[in-house]
Amino acid sequence: MTIVSTTFLDCSALPVARMPGLPAGMAQTQAWLADMEVLMAAQTPFVLVYGVIEMSAGQTEEVESRKATVLWLKAHRAPFQAYCKGMVLTCRDDLADQAPLEAMSDPLSKAYGVPVQVAVSAADALTKAQALA
């Protein structure tokens, strides 16, 4: 197993790289982008598993964070797609956010160029991540 040291991501169980949720603000976005570069430099395939994303809680990216992510992706698309085997978004236990997350999955897949799936629980997220890996 490859050991990768990251700030924002939990990479202790690669190829599954866990995130607590969507990056909140520029500091977390920059940490996420730095972690992506660490993973790509390690040349280790990975699947991003996002923790519970509560759409109704109003989790939105700041404009500057989104801009930084878009610019980073333009510069790193090929290596990102080479090593990231997919993303899994986890919805709340009550499934209230399942439909909005499902609606986000296709646009995210097109933007990042990797498969994006929605999980209904942490166990489901792990199963989907392992299948993508």
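Colleague: How do you know that the span of α1 fits its 17 residues?

Modeller: The expected span of a helix is 1.5 Å times one less than its number of residues. For the 17 residues of α1 that gives 24 Å, and the end C-alpha atoms are 25 Å apart, so the two agree. Helices (H or I, at least four residues) and strands (E, at least two) are DSSP runs, numbered from the N terminus. This is a predicted model, where local features need pLDDT of at least 70 and side-chain atom pairs count only at pLDDT 80 or more, while totals for chains, interfaces and linings use all residues. Residues are numbered from 1 along each chain as its sequence is written, and side-chain values use heavy atoms, with hydrogens and water left out.

Colleague: What makes W72 buried or exposed?

Modeller: Buried means under 20% relative accessible area, exposed over 50%, and partly exposed in between (1.4 Å probe, protein chains only). W72 has 6% relative accessibility, so W72 counts as buried. F80 is at 0%, so F80 is buried too.

Colleague: Which residues of α1 are buried, and what do they pack against?

Modeller: The buried ones are G25, T29, A31, W32, L33, D35, M36, L39 and M40. They pack against β1 (10-13), β2 (16-19), β3 (46-52), α2 (63-83) and α3. Contact here means heavy atoms within 4.5 Å.

Colleague: Why are α1 and α2 called roughly parallel or antiparallel?

Modeller: Two packed helices are described by the angle between their axes and the distance between the axes. Axes are lines fitted to C-alpha atoms, for helices over the stretch in contact, and angles run from 0 to 180 degrees between N-to-C directions. Angles under 35 degrees count as roughly parallel, over 145 as roughly antiparallel, 65 to 115 as roughly perpendicular and the rest as oblique. α1 and α2 pack at about 10°, with axes 11 Å apart. They are therefore roughly parallel to each other.

Colleague: Which residues meet there?

Modeller: From α1 come G25, M26, T29, W32, L33, M36, E37 and M40; from α2 come E64, S65, A68, T69, W72, H76, P79, F80 and Y83. They divide into ten nonpolar, five polar and two charged. Ala, Val, Leu, Ile, Met, Phe, Trp, Tyr, Cys and Pro count as nonpolar, Asp, Glu, Lys and Arg as charged, and the others, Gly among them, as polar.

Colleague: How many aromatic pairs are there?

Modeller: Rings of Phe, Tyr and Trp (its six-membered ring) pair if their centres lie within 6.5 Å; planes under 30 degrees apart count as stacked, over 60 as edge-to-face and the rest as tilted. By this rule the count is five.

Colleague: What makes W32 and Y112 one of them, stacked or edge-to-face?

Modeller: Their centres are 6.4 Å apart and their planes meet at 90°, which is edge-to-face. W32 sits in α1 (residues 25-41) and Y112 in α3 (residues 98-112), 80 residues apart, linking distant parts of the chain. Both are buried. W72 and F80 also pair edge-to-face, at 6.0 Å and 85°. W32, F46, W72, F80 and Y112 form one aromatic cluster.

Colleague: What is unusual in the backbone at Q43?

Modeller: Q43 has a positive phi of about 55° although it is not a glycine. Q43 lies in the loop between α1 and β3. With a relative accessible area of 56%, Q43 is exposed.

Colleague: How do you classify Q130, buried or exposed?

Modeller: Q130 reaches 53% relative accessibility, so Q130 counts as exposed. It is in helix α4 (residues 122-132).
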